[in-house]
Amino acid sequence: MADTHQSDLRHTVYIETYGCQMNVRDSEMLCGIFRQAGCDIIDTPEKADLILLNTCAVRERAEQRVIGRVTQLFSLKKQSSVRIGIVGCMAQHLKDALLESLPGLDFILGPDTYRTLPELFDLDPGEHRADWSTNRDELYEGIPSWRRDGSPVAFVTVMRGCDMMCTFCVVPHTRGRERCRSWRDIVAEVTQLAEEGVMEVVLLGQTVNAWREEKEKMGFGDLLRKVSATGIPRIRFTSPHPLYYGEEELKAIAECENVCESIHLPVQAGNTDVLKKMNRRYTREEYLGIVRTIRQSIPHVTLSTDIIVGFPGETESRFEDTLSLIAECSFDSGYLFKYSPRSGTRAEREFEDDVPAEEKQRRLEQVIELQTELTRRSQQAMIGGQYEILVDGIGDRGPNQWTGRTRGNRTVVIESEKELMGRLVKVIIEEAGTWTVRGRLIE
Ligand code: 5AD
C-alpha cells in the first residue's frame, strides 16, 4: 500500500463517535485500519477526504442527532470532494432507509464490514457503497490498535454481539450474534498495553460477563484471573448482564487485587411482569437476591444500574416497583432512560407503546430525582475517607486541577502543581455534593 499513497497524497480521515464504549473502541480500530492503509487521521472535518460517523441505534434520539450532524457536514461537499458516510449500529439498523432519507451519503457500513473500509478510496465519483452483511466470526484480530489520546485507561473488546434478545433492544439486530475472543489474544493485548504504560483496562462486551471459551472450559471469572495475572494495575469491565454473575465471577472480583470492586448491574425495571415482557430472564426477587450476594461477596462494592421507564404495559403501580427497587438497592449511580421503540425489535412489533410521552417524561423525572438523592448520599458518605484514585483527566475549574477515578468508579477532583496524569495517588475526600467530589492529595 505504501507506494500507492505517497506522503503528499496521503488520504485524510476524520471520525466522530457516538454511543457506547464499544463504539469508542471500534473507532480506535477504524483508525488502525486506515493507518495501516497509509491514511492520516485528523481532528477536524474540514480537510478530510473521508468523514465517518460511528453511530448508535439504541434510542431514537441518538439517531436523530446523527442525522442532524450529517446534514450539517454535507455543506463541506460544496468545497471539496469529501466522502461522508455512516458506519456502525445505525447503518445496520436503518439500512436502505438511511440512503433514502440522506441521499447525499456516500457509504453506509455495518459493524462486521470494517475490514473493507480502505476500499472506499476506490469508489468512482458519485458511487455509493452500502454493506450491512454480517459475519459471525469477525473479531477483528490482527488489526494494529491505535490509541490517539495517550490516556492511562484503555478499552479492550473481549466479545462482540449479543444473544440476549431483550425485547426492547436493537443491539442483537445491529451487532449480530455473540462471539468471544480467545483469552490468549485478550491477555496478549492487555500485556502490550501494560508495557505501553496503560494503568487501567476496561474489558468490553455487550454481555461481557457471558464471555467464555468452551474448548478450555473457561468462563468470565477465569478470564478476569488471567487478565489480573498480567499485573496491569486496574481492571474494569462493562456491560454485564445480572444473570452471569456466578460464584466464580464474584470470587474472582473479590480475590483479584487489581479488579476494581465496582459493578454495573442493569436492572431495567423493578416489576416482574415488565421484566418478563422485556425478556430479562430474572424476576424482581431474583435480581434483589443477586444484589445481596454481590454485596456479601465483595466488601465495599459500588453498584450502578440502567433503568428504562415507560416500557409497554408499565402501569403506575408497576412503575412504583421500579422506584422501590432503586431505593432498596441504593445504587451509587444510574443511567436512566425513557423507552424508545426500535424497529426490528420484538417490543416494537408486538407491544403497543402505551405510556404517553408526558407520562414517560414524568416517570423519568421521578427516577432522576430519586437516583440523584441516592448518588448524593453515596458521595457524601465518602467525606473523610481515604481513596486511591487513578488520575485520568484535567479539571476545568481553574489551574492545577486533576480528575481521577476511585476503584468504585467515582470521579474525584484534586488540586496539585505536580504532573499527575496516569498516576495512582491517595486522596482524602474533603467535599462531596450532588455533582462533584473533591479530595486532597495525601501521598
Ligand atoms: N429504549 C430506551 N432505552 C434503551 N436501552 C436499550 N434499548 C432501549 C430502548 N429501546 C437502554 C438500556 C440499556 C442501555 C444501554 O440503554 O437501559 O441497558
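Tutor: Two strands are said to pair if DSSP finds at least two bridges between them. Strands (E, at least two residues) and helices (H or I, at least four) are DSSP runs, numbered from the N terminus. The structure is a predicted model, in which local features need pLDDT of at least 70, side-chain atom pairs count only at pLDDT 80 or more, and totals for chains, interfaces and linings use all residues. Residues are numbered from 1 along each chain as its sequence is written, and side-chain values use heavy atoms, leaving out hydrogens and water.

Student: In which order do the strands of the six-stranded open sheet stand?

Tutor: The pairing in this open sheet is parallel. At its edges stand β2 (40-41) and β6 (129-131). Read across the sheet, the six strands follow the order β2-β1-β3-β4-β5-β6.

Student: Why is one side of β2 and of β6 left without a neighbour in the sheet?

Tutor: Both strands stand at the edges of the sheet. One side of each is left without a neighbour there because each has a single partner strand.

Student: Which residue of β6 stands opposite Leu109?

Tutor: Strand β5 covers residues 107-109. This strand pairs with β6 in the parallel sense, over three bridges. Opposite Leu109 in β6 stands Asp131.

Student: What angle does the direction of helix α2 make with that of β3?

Tutor: Helix α2 (residues 60-73) packs on the sheet and touches β1 (12-17), β3 (50-55) and β4 (83-88). Contact means heavy atoms within 4.5 Å. Angles run from 0 to 180 degrees between N-to-C directions, with axes fitted to C-alpha atoms, for helices over the stretch in contact. Between helix α2 and β3 the angle is about 175 degrees.

Student: Which are the edge strands of the open sheet of three strands?

Tutor: The order in this sheet is β7-β10-β13, and its pairing is parallel. From one strand to the next, the twist averages 25 degrees. Those that pair on one side only are the edge strands, β7 (153-157) and β13 (234-238).

Student: Which residue of β13 does Leu204 stand opposite?

Tutor: Strand β10 (residues 200-204) runs parallel to β13, and five bridges join the two. In β13, the residue facing Leu204 is Thr238.

Student: At what angle to β7 does helix α1 run?

Tutor: Another helix, α6 (residues 183-195), packs on the sheet, touching β7 and β10, and makes about 165 degrees with the direction of β7. Helix α1 (residues 21-36), by contrast, lies across β7, β10 and β13. With respect to β7, helix α1 runs at about 90 degrees.

Student: How far apart do the C-alpha centres of domain 1 and domain 4 lie?

Tutor: The protein is divided into domain 1 (12-131), domain 2 (149-260), domain 3 (263-381) and domain 4 (386-441). These bounds come from an automatic or database domain assignment. For domain 1 and domain 4, the separation of the C-alpha centres is 36 Å.

Student: Which residue of β20 is the bridge partner of Gln386?

Tutor: β17 (residues 386-394) pairs with strand β20 (residues 424-432) in the antiparallel sense, over five bridges. Within β20, the partner of Gln386 is Ile428.

Student: What positive phi does Gly398 have in the turn between β17 and β18?

Tutor: Strand β18 (residues 401-406) runs antiparallel to β17, to which five bridges join it, and Ile394 stands opposite Trp402 in β18. β17 and β18 form a hairpin with six residues between them. Gly398 lies in the turn, and its phi is positive, at about 105 degrees.
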